[in-house]
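User: I am new to this entry and would like to go through it step by step. Please show the sequence and structure before we begin.

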Amino acid sequence: MAVPEERFPVLGGRSDQAFFADSDDRPLTMRGVTDTDLPELLRVDREVFPDDPYPYFVLRQHLDVHGDRILVLDDGECLHGYVLFVTTSDGYVCWVLSLAVSADRRGRGLGKRLMLEVLRELRRKRVHEVRLTVEPENAAAIMLYRSLGFAAEGGVRRNYLGPGEDRLIMVLGLA
C-alpha cells in the first residue's frame with residue numbers, strides 16, 4: 001500500500017488531514033487539543049513519563065490556559081502523542097514544555113512531525129527563539145532536537161528541576 005503524501009495541517013486550519021505513521025497503522029491526524037482529549041492526554045503523559053507525569057490538575061490548567069498551544073496525534077480512537085509549547089508574553093521566546101510519543105509509535109518520525117509544525121507556527125508568529133530542556137541521558141531526544149537545529153546552551157544544569165533532576169537546555173534561534 002502506498003503511503004499518502006504527508007501533509008502538516010496549520011494550527012487553526014483544517015483538522016482532517018491525516019498521515020500514516022506506518023502502513024499497518026490507522027491514519028493519524030495532527031490537530032489541536034480539545035477538552036474531551038484530557039483523559040487520553042493524561043494516559044499518554046503517564047505512559048511516556050512514568051516517573052514524573054504531569055498531575056491531572058496541571059494538564060487541566062495547561063489545557064485551559066494554553067490549549068491553543070497543544071497539538072495531539074489522534075488515530076480516531078486514542079491519542080499517540082502530543083506537544084505543549086508556550087510563548088512568553090512578549091512573543092520573543094517559546095518554551096517547549098513537553099513532547100511525548102507513545103512507546104508503540106516511537107522511531108517513526110512522529111516527534112519530529114510535531115516539532116516541525118510547532119516551528120512552522122512559531123516562525124509565522126515571528127517568535128525569535130525556541131527553548132526546551134531535556135534529560136542529559138535521553139540521547140534519542142537530544143538527537144531529534146539537534147536534527148532540527150537546536151544546540152545545547154552550556155553544559156548540564158545540575159538540579160535544574162529539583163534535586164537529582166539535571167537538564168540540558170537546548171536553544172534554536174528563529175530570527
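User: Which element supplies the largest share of the lining of the largest pocket?

Analyst: This is a predicted model: local features need pLDDT of at least 70, side-chain atom pairs count only at pLDDT 80 or more, and totals for chains, interfaces and linings use all residues. Numbering runs from 1 along each chain as its sequence is written, and side-chain values use heavy atoms, without hydrogens and water. A pocket is an open set of points on a 1 Å grid over the protein atoms alone where a 1.4 Å probe fits, with protein on both sides within 12 Å along at least five of seven lines; lining residues have an atom within 4 Å of a point. Among helices (DSSP H or I, at least four residues) and strands (E, at least two), numbered from the N terminus, the largest share, seven residues, comes from S5.

User: Within what arc do the buried residues of H2 fall?

Analyst: Buried means under 20% relative accessible area and exposed over 50%, with a 1.4 Å probe and protein chains only. Val58, Leu59, His62 and Leu63 of H2 are buried, whereas Phe57, Asp64 and Val65 on the other side are exposed. Taking directions from the helix axis to the C-beta atoms, the buried residues line one face of H2 because they fall within an arc of 135 degrees.

User: Which element gives the most to the largest nonpolar core?

Analyst: Such a core is a set of buried Ala, Val, Leu, Ile, Met, Phe, Trp, Tyr and Cys residues joined through side-chain atoms within 4.5 Å. Of its 30 residues, Val83, Met115, Tyr145 and Phe150 touch the most other members. With six residues, the element that gives the most to this core is H3.
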